[in-house]
Protein chains: 2
Amino acid sequence: MTTTSSPRVRMSHQERREQLLDIGLAMLATRPLEEMSIELLAEEAGISRGLLYHYFANKQEFHLAVVRRAVADLTAVTAPRDLADPMEQLTTSMAAYVDYVVDNYAGYVSLVHAAAGGNEELREIYLQARDALTSRVFEAVGAEELADLGIVDTPAARLLVQGWAALAEEMTISWVAGGRTSCTREQLLSMLAGALPALVGLTD
Amino acid sequence: MTTTSSPRVRMSHQERREQLLDIGLAMLATRPLEEMSIELLAEEAGISRGLLYHYFANKQEFHLAVVRRAVADLTAVTAPRDLADPMEQLTTSMAAYVDYVVDNYAGYVSLVHAAAGGNEELREIYLQARDALTSRVFEAVGAEELADLGIVDTPAARLLVQGWAALAEEMTISWVAGGRTSCTREQLLSMLAGALPALVGLTD
């Protein structure tokens, strides 16, 4: 639920905007970005279009704000959890990623396509997010844990990790698109997590 | 060189069209698809725009014909060569793929982006090509060679091979975009070819 418990509580401009973004995020879960309009948001939020333009200058600004929030959420849910075992850590992060794609399939796929298809601002957000997610493999994890996974930080290793991110995205989208029948969720997680050390081992 | 040795030789409609596609392919090597126009083709071919419409109904038909030829070329140059050793076979195919991307970078990247970005006809051609290239791993190679690479044909293995294709595309594009400095061509080929058995081994 994205509405507050009491509609009489007076919200700040920032709080109201955040609430509208929550509604936008929920909309994006089940429809592609190109189908999200200020009109639809107004309807879902139960306020006038005119009032919405108080929060977002136009549709593009609304889209970008929702996508930034979506990316921040995805980055947060996949963040390392301080688990002792690096493979357990990685599997937990991949589980959060896969579940996110399952729960937000339509919007997620539309973002990946829009980013690839020439929307420069969306592409920028997408690439920053991907960069943050892959750099994390090298930076958020300690040097010891990296060594445990057999990872040495070289340009070739970073290239492989970037390839691994593309593989994880492709496999997850394809698995969901195919009705999640090609393997179980547990098999998918085990393949996605296992792929990282298997690939990075190739730089030896 | 794409012009015939003697311009006085009278070509059939089909031959002339093929010749124009050759010119289109050469144009696509150095510029993105969206910059290729009938005007530019007319200029390169040294014939009138009016005559070109005799061969291609419009820009979209010209684009699709060039892309179909590009995909056919890529499929041909990466075809298995009947080498005895499957890893040598795979490395040879990946070398042809990497060299193709290096030689046709602008057009190749624009095709990948257009296919992802919602051009349905281009997407169809792209997906068919990718499907052909990944099915080949299972079909063009004999059962014995598959076993040598540790590959069993299951839905999970096909999902991994599809992920591997996305990884190979991402790594190759990124390697070229970065000025080919993150590793040597030999290292890249060894990583791309080595990734396939390393990944498919994860289904065990």
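This is a short walk through the interface between chain A and chain B in a predicted model. Chains are lettered from A in the order in which they are written, and residues are numbered from 1 along each chain as its sequence is written. Local features need pLDDT of at least 70, side-chain atom pairs count only at pLDDT 80 or more, totals for chains, interfaces and linings use all residues, and side-chain values use heavy atoms, with hydrogens and water left out.

Let's start with how the two copies are arranged. A turn of 180° with a shift of 0.0 Å along the axis lays chain B on chain A with an RMSD of 0.0 Å, superposed by least squares on the C-alpha atoms of residues with pLDDT of at least 70 in both. That is the relation of a two-fold axis. In chain B, B:Gly117 has the C-alpha nearest the axis, 1.7 Å from it.

Now to the contact (heavy atoms within 4.5 Å). It takes 28 residues from chain B and 28 residues from chain A, and 100% of the contact residues of chain B recur in chain A. The area buried between the chains is about 2400 Å², with 71% given by carbon and sulfur atoms; this is the accessible area (1.4 Å probe) lost on being put together, summed over both parts.

Two salt bridges link chain B and chain A, each a side-chain nitrogen of Lys or Arg within 4 Å of a carboxyl oxygen of Asp or Glu. In one salt bridge, the side chains of A:Arg130 and B:Glu170 meet at 3.2 Å, N to O.

Terms used: Buried area is the accessible area (1.4 Å probe) that two parts lose on being put together, summed over both.
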